[in-house]
Amino acid sequence: MNNAIRQYLTEQRYNTIPDETCTHIDEWLDWYQGDVENFHTYKIYNGMTTTKQKRYRLGMAKKVCEDWANLMLNEKVTINAGEYGSRLNEILQRNNFRVRGNQIVEMAFALGTAAFVEYLDGEGDVIIDFIRADMIYPLSWDNGDITECAFGSNRVSDGKEIIYLQIHRKGREENPNDEDVEPENPDTYYIENRYIDAKSGKELDPPDSVMPVIDTGYESPLFQIIMPNICNNVDLDSPLGISVFANSISQLKGCDLVYDSYMNEYVLGRKRILVPLSQAKRQMQEDGVSAPAFDPNDTVYYLLPDDRNNSQSLTEVDMTIRASDHELGIQRSLDLLSLKCGMGTGRYKFENGGVKTATEVISDKSDLYQNRQKNVIVLEAALIGMAQAVAFLDNGSIPEVTVDFDDSIIEDTNTTIDRNIKLVNAGLRSKLTAIMEINKCSEADAKKEIKRIAEDNQITGQDVDWTQMDDRNPDNQDEQEGEGIDDEPSGESAVGGVS
């Protein structure tokens, strides 16, 4: 599919990234899927023939990307869009954003690049597509930012395999290099919907419900690129990112090599028997030459050639399992991999024959925290752009959008509350700022909370004689009514004790 799309874009006089960049994406995909043909399949000689073996693997490439996605876009991340917030949440829920968003961030860290793409379907509903790296074809970029892009995917229509290509370009009508054509809106983006025969590469007519060219009327792209916030040292001129484990392939191999040896300690730990050639059962081959009857896949017996000094007897070998040595080696390999992937050491623990993720709270001086904050910059910009694009397609508005990320991995809530109480009591922080940090809310919402707290504090109950509540004098009932005894406060209290 990649070659067909590249050929078509070239014929349409579009320039895109070179083929060698896609080669690295294919390599990263193999590691992400946990099956690299030239590494996880190997051969071993058993004394008679060479047999093919499959290497045991830990699958740490996918595990690392899963953890990065959970640190970046989890269920506690909130996208705030003011009055448009409820409508935005409705559209995100309809597009299954909470699930697909996390998955596409995982793919971005695995393959180096991913994208959100927004458009309207035939019924006028806002659709969000989640595109992985091998479907992204940058057409133009400025200072590393992709400004025009094509997104390709495989589809089947009437039993025929076709390629659907969506081209996002700015300020051009039909032909991108036709100087005689003046764009109607040179500052807005256009979307071209192209259908290509996957086998012949011939362009097909789009369905009746799909417009060939659409003027979005929007001056920002209806796509947002996601990638790890690290330099692409594989191709310095490419606008695409690199996998978070692109420079950790040796460490991934180390994890699987040690783990494979660890598992083979148990597989081969049973007793083995060395069999002299003269003691093996022999069978006659078609050419009349006798050969030992021996199953090449049987690892219990090892066939020894005849030797003058050989005692010609069966020899038993009892292997001792080196479990602790291997477990230490696996832990060292995990620490190196974790460090190279930006998570610092100690992120993973090899216990009870499996890999576990450390659950302790990370500090703001750790490698993991600093790298997470750096990666948040890219994801935050993408989420804001996505939310504004959705609002524009929905009702033409462009709201102010903010994103609140999950900081509980850095510091628990109780610690945040206690710190703010101490700062407020010491006069080093305002109540407004403290409530904004504790509740993760805007300044306007914090002011409303302070007002409610002040109203609650006016009803203290200190002036009421509660001991006479059950012995109320009927003669004084009218006087007591209206004193606010039966009025209950709203139930809202000062957040974290800040007053």
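Start by selecting Lys440 in this predicted model: the residue follows helix α11 and has a positive phi, near 50°.

Step back from Lys440 into α11 itself, residues 431-439. Colour Leu432, Ala434, Ile435 and Ile438, which are buried. Now look down the axis of α11: the buried residues fall within an arc of 160°, so they line one face of the helix. In an α-helix, residues three or four places apart point the same way, because there are 3.6 residues a turn. To see what the buried residues of α11 pack against, add α10 (413-425) and α12 (443-457) to the selection.

Next, select Asp235, in the loop that runs between β12 (223-226) and α7 (249-267). Which side chain of opposite charge is nearest to Asp235? It is Arg6, at 9.4 Å. Asp235 is buried but has no salt bridge; the cut-off for a salt bridge is 4 Å, between a side-chain nitrogen of Lys or Arg and a carboxyl oxygen of Asp or Glu. Show Pro18 and Thr21 as well: Asp235 touches both, leaving aside residues up to four places away in sequence.

Move on to Thr41, in strand β1 (residues 41-45). Is Thr41 buried or exposed? Its relative accessible area is 14%, so Thr41 counts as buried, the limit being under 20%. Add Gln53, which is 12 residues from Thr41 along the chain; the C-alpha atoms of the two are separated by 5.8 Å. Gln53 is also among the residues that Thr41 touches, together with Val36, Lys52 and Lys54, again not counting residues up to four places away in sequence.

Then select Arg55 with two rings, Phe39 and Tyr42. Arg55 lies over the face of Phe39, 4.7 Å from the ring centre. Arg55 also lies over the face of Tyr42, where the distance to the ring centre is 4.3 Å.

The last stop concerns aromatic pairs, of which the structure holds 11. For one of them, select Phe116 and Phe130: the ring centres are 5.9 Å apart and the planes stand at 85°, so the pair is edge-to-face. Show the strands too: Phe116 belongs to β4 (residues 114-120) and Phe130 to β5 (residues 126-132), so the pair ties together parts that are 14 residues apart in sequence. Phe116 and Phe130 are both buried. Finally, add Phe97, which forms one aromatic cluster with Phe116 and Phe130.

Methods
Residues are numbered from 1 along each chain as its sequence is written. This is a predicted model: local features need pLDDT of at least 70, side-chain atom pairs count only at pLDDT 80 or more; totals for chains, interfaces and linings use all residues. Side-chain values use heavy atoms; hydrogens and water are left out. Rings of Phe, Tyr and Trp (its six-membered ring) pair if their centres lie within 6.5 Å; planes under 30 degrees apart count as stacked, over 60 as edge-to-face and the rest as tilted. Helices (H or I, at least four residues) and strands (E, at least two) are DSSP runs, numbered from the N terminus. Buried means under 20% relative accessible area, exposed over 50%, partly exposed in between (1.4 Å probe, protein chains only). A charge sits over a ring if NZ of Lys or CZ of Arg is within 6 Å of the ring centre and within 35 degrees of the ring normal. The arc is that of the directions from the helix axis to the C-beta atoms. Contact means heavy atoms within 4.5 Å. Lys and Arg count as positive and Asp and Glu as negative; His and the chain ends are not counted.
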